[in-house]
Amino acid sequence: MTLIYQSTRDANNQVTASQAILQGLATDGGLFTPVTLPEVNLDFNKLKDASYQEVAKLILSAFLDDFTEAELDHCIQSAYDNKFDTPAIAPLVKLQDHYNLELFHGSTIAFKDMALSILPYLLTTSAKKQGVDNKIVILTATSGDTGKAAMAGFADVPGTEIIVFYPNGGVSKIQELQMTTQVGDNTHVVAIEGNFDDAQTAVKRMFNDEVLRAKLLEQGIQFSSANSMNIGRLVPQVVYYVYAYAQLVHSGAIVAGEPVNFTVPTGNFGNILAAYYASKIGVPVNKLICASNENKVLTDFFTTGTYDKKRTFKVTTSPSMDILVSSNLERLIFHLVGNDAAKTKELMEALVAQGEYSLENADSSILDLFAAGFATEAETAAEIKAVYESSNYVEDPHTAVASAVYQAYRQATGDQTPTVVASTASPYKFPRVAVEAIAGKDSGDDFVAVAELTKLSGVAIPNAVNGLETAPVRHTTVVAADAMQTEVERYLGV
Ligand SMILES: *Cc1c(COP(=O)(O)O)cnc(C)c1O
């Protein structure tokens, strides 16, 4: 039997895994979501010795069940190779009172690599399976991180082209260099005179432009999106929660069957949703702890049942969590209201129209699995310092938000369940924040901070940062926001 992915907003919109990956978002605006979860045989006494790729094969073959074994092997082997700087791919590190699951060993040293390194292969394979032989063009507007991670994934993947737009002057020096030095003949980077919203709006408009779509199709080209609503990004994230649990069994920290907590620094709700699916297919979970920064819309949602985006957006030192509308929460909402698409649609429309919605009669068996909390900027910096002092380990600010929220949770509840914190970025991605938290003064420059961080942490500078200062800049185009389409047409020759 093939697994059904259904739109969260229309019960009649049902597709297979490869169709869902190729479409990205459902045309009704919903997100493709599994209504019933696959049966997976999670025998942790065997899995404890499995490689990351072996665990990936088990999970992906269950969720992406219209892919053949050979297709999945191709995707997994192409993705999880020496782009990662450790054969463990996602190592689990023991600190004084929790474990950090390091999801930052890929090419851009942040957790988006875990899914974006395999998505290009899942997409091109899905296209083939659906008899589509168009060239797939990924258009992405980025505020810094996602664009680079997507390019690193798509660079030189046959049958694809990727065009990334970022706000000129709106990203950090390291982020800009990461993008402008990107190699790969199929990669294009354009700075725009405008902010992230301008870039995002123009990209959305191009996606919905029927005339442009027809013009591209004539040349055998179609757009696709690499955003985190694509189930091709969600499913690969389930893998590392299974892997982390297997590692805990392997090390003897727990015996198979014993529950654990996962604490996840959350923005768009993709990462923690993957942890939820991992628990649903059999990873023994006590609590999923949803950690926010000062943009604590999710903490309020889990404590009050009301999702209210009408609040001031705060710029924090954990920018990838500076989000007021968490797109992937829609999938959990769908499950919380009993997989009711009409109800989910109503709530999501209320969010747009009124800026808020309230859940009534939510499924408490799901809700009870979650705990939530937030950390202020001061608490986050204090946690970076505390973990450094207790464990001689430097956490990035996103990870520190989660780690601080976990400490507060443990204090408040007395819960002693072994806990894994999803560590979503290397401190080398945010060196000034990490160094300032520990040393008490700002280095004033990203690269000065990198040098100081090496001394403090004793961790070698990752390839993603090393050499960045001197790498040749390959992308120098700057255009007005209203000239973005002209650039796209020029790159694609239409
Ligand atoms: C994207 C990101 C997050 C948030 O993950 P979601 O899946 O959007 O909740 C947290 N930390 C880092 C470093 C990220 O890049």
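**Notebook: a parallel sheet, a nonpolar core and a ligand site**

I began with a single pair of residues and found that the bridge partner of Ile138 in β7 is Ile162. The model I am reading is a predicted one.

**Entry 1: the strand pair.** I next looked up the two strands that this bridge belongs to. Strand β6 covers residues 135–141 and strand β7 covers residues 160–167; I noted that they pair in the parallel sense, over 6 bridges. I also looked up Ile136, whose bridge partner in β7 is Thr160.

**Entry 2: the whole sheet.** I then traced the sheet in full. It is an open sheet of 5 strands with parallel pairing, and I recorded the order as β9-β6-β7-β8-β16. At the edges I found β9 (221–224) and β16 (477–480), each of which pairs on one side only. For the turn between neighbouring strands of this sheet I noted an average of 30°, direction ignored. I also found a helix packed on the sheet: α9, residues 196–207, touches β6, β7, β8 (187–193) and β9. The direction of α9 makes about 150° with that of β6.

**Entry 3: the surroundings of β7.** I asked myself whether the residues of β7 are buried or exposed. I found that 8 of the 8 residues are buried, so β7 is largely enclosed by the rest of the structure. I recalled that side chains in a regular strand alternate between the two faces of the sheet. In β7 I saw Thr160, Ile162, Val164 and Tyr166 pointing one way. Glu161, Ile163, Phe165 and Pro167 point the other way, and the residues of both sets are all buried.

**Entry 4: the core.** I turned to the largest nonpolar core, which has 110 residues, and asked which of them touch the most other members. They are Tyr5 and Leu64. I noted that helix α11 (residues 231–250) gives the most to this core, with 14 residues. For Leu64 I set aside neighbours within four places in sequence and listed the contacts that remain: Tyr5, Ala17, Ile21, Leu72, Leu122, Ile231 and Val235.

**Entry 5: the ligand.** Last, I examined the ligand, which has 14 residues around it. Of these, I recorded Lys112, Gly267, Asn268, Asn271 and Thr424 as the ones that come nearest. I looked up how far an N or O atom in the side chain of Lys112 is from an oxygen atom of the ligand, and the distance is 2.6 Å. For Asn271 I noted a backbone N or O atom 2.9 Å from an oxygen atom of the ligand. A polar backbone atom of Gly270 is 3.2 Å from an oxygen atom of the ligand.

Notes. Residues numbered from 1 in each chain as written. Predicted model: local features only at pLDDT ≥ 70, side-chain atom pairs only at ≥ 80, totals over all residues. Heavy atoms only, no water. Pairing = 2+ DSSP bridges. Helix = DSSP H or I, 4+ residues; strand = E, 2+ residues; numbered from the N terminus. Axes fitted to C-alpha atoms, helices over the stretch in contact; angles between N-to-C directions. Contact = heavy atoms within 4.5 Å. Core = buried A, V, L, I, M, F, W, Y, C linked by side-chain atoms within 4.5 Å. Buried < 20%, exposed > 50% of the residue type's maximum accessible area, 1.4 Å probe, protein only. Near = heavy atom within 4 Å. Polar contact = N/O pair within 3.5 Å; in protein donor to acceptor, adjacent residues only side chain to side chain.
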